[in-house]
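User: Hi! Could you walk me through how the strands and helices of this model fit together?

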Amino acid sequence: MKKVIVTGGSGFIGSNLIKYLLKKNFYVINIDKLSYSSNLYNTKKISKNKKYKFFKIDLNNKKKIIKILNKYKPVCIFNLAAETHVDRSIDNPKSFITSNFLGVYNLLESIMSFKKKNKNFKLIHVSTDEVYGDIIQGRSDEKFPYNPSSPYSATKGSADHLIKAYVRTYKIPAIISSCCNNYGPNQFPEKFIPKLIYNVLNNKPLPIYGKGMNSREWIHVNDHCEALLLLFLKGKLGEKYNIGTGQNYRNIDIAKKILKIAKKNFSGKLNKKIKIKFVKDRPGHDYRYALNSKKILKELKWKPKISFNSGLSKTFRWYRDNSYFSNTIKKNFDKRLGLKV
């Protein structure tokens with residue numbers, strides 16, 4: 001049985017990836033420092049699975065990372081450990097530099113030690129479409145120049161460049177992926193879609209930055225997980241792949257979709273007076289992200305399977321039926337962040 005490591009496996013995408021890999025009969029080691037957005041509820045149902053192991057470790061603890069690598073000898077590390085909320089990066093850039101850049105540096109140094117005796121190994125590093133910055137027209141392919149706008153995207157972009165340098169200089173066997181906005185079950189409710197769903201379920205107004213015209217490309221987390229496994233199985237080392245759907249939606253339109261879904265799927269007392277509330281915009285807010293994902297379609301024959309309307313409805317029902325998920329989160333996610341300017 002092949003063993004793989006998922007860093008950040010107690011977070012949103014990481015926990016969904018672990019469940020997917022277990023179904024594909026991998027032995028999965030989860031390394032997570034359990035920051036505010038991590039949640040043990042995300043892996044509760046698999047915690048006793050004989051093919052699953054969890055370690056509470058920060059990637060900056062190189063000694064412990066090397067020890068785990070040498071003990072389990074994984075064939076792949078899926079690196080999803082990162083601070084990801086743009087608003088938080090505006091308030092506290094240092095934590096993003098520590099996790100997203102220095103954490104990757106220490107992971108690369110750990111791999112340097114490990115790969116000398118383990119040739120059949122890959123690193124799949126999960127980046128973001130935000131490294132390309134504002135895409136007013138067209139779509140950014142893998143050769144598009146980086147133009148990050150926030151401390152978050154700058155640290156992710158910096159990590160990408162560092163990995164590319166280690167690939168060229170030290171022959172690290174790595175692949176980088178840049179994915180569009182994810183949605184689905186187990187996402188921390190300070191992010192846009194779960195935030196709106198949470199507010200609907202709790203009869204609160206739906207906060208929208210600016211006038212809601214900002215456009216994002218969306219993918220269901222299950223489609224993303226399938227693409228990541230395919231990168232491990234068939235991706236070319238040293239390459240970068242965009243992972244997207246090609247479907248963009250304005251924030252205001254998503255809010256309206258969620259209100260429409262709520263009327264059909266919420267058996268509780270839905271307050272008919274719930275309204276969209278426009279709030280002060282985020283500093284440096286990018287207007288549009290849009291990926292050109294033809295490379296992964298052409299070379300690896302991957303394409304998304306879950307339509308946005310279907311995925312959004314399923315996501316709403318998950319939050320409706322898993323209210324305990326939000327109740328387990330101690331951090332106050334109602335407080336507005338990202339205004340420190």
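User: In what order do the seven strands of the open sheet run, and which strands stand at the edges?

Analyst: Happy to help; do keep in mind that this is a predicted model. The seven strands pair in the parallel sense, in the order β3-β2-β1-β4-β5-β6-β10. Two of the strands have a single partner each, so one side of each is left without a neighbour in the sheet; these edge strands are β3 (52–55) and β10 (240–243).

User: What is the average twist from one strand to the next there?

Analyst: That sheet is the open one with parallel pairing. From each strand to the next, its twist averages 20°.

User: Which residue in β4 stands opposite T7?

Analyst: Residues 3–7 make up β1, and this strand pairs with β4 (residues 76–79) in the parallel sense over four bridges. Opposite T7 in β4 you will find N79.

User: At what angle does helix α2 run to β2?

Analyst: Helix α2 covers residues 62–72 and lies across β1, β2, β3 and β4. Relative to β2 (27–31), the helix runs at about 175°.

User: Now the three-stranded sheet: which are its edge strands?

Analyst: This open sheet has mixed pairing and the order β7-β9-β11. Its edge strands pair on one side only, and they are β7 (181–183) and β11 (248–250).

User: Which residue in β9 is the bridge partner of Y183?

Analyst: β7 and β9 (residues 215–220) pair in the parallel sense, over three bridges. In β9, Y183 has as its bridge partner H220.

User: And which helix lies across β7, β9 and β11?

Analyst: Look at residues 308–321, which run at about 50° to β7. The helix they form is α10.

Key
Residues are numbered from 1 along each chain as its sequence is written. This is a predicted model: local features need pLDDT of at least 70, side-chain atom pairs count only at pLDDT 80 or more; totals for chains, interfaces and linings use all residues. Side-chain values use heavy atoms; hydrogens and water are left out. Two strands pair if DSSP finds at least two bridges between them. Axes are lines fitted to C-alpha atoms, for helices over the stretch in contact, and angles run from 0 to 180 degrees between N-to-C directions. Contact means heavy atoms within 4.5 Å.
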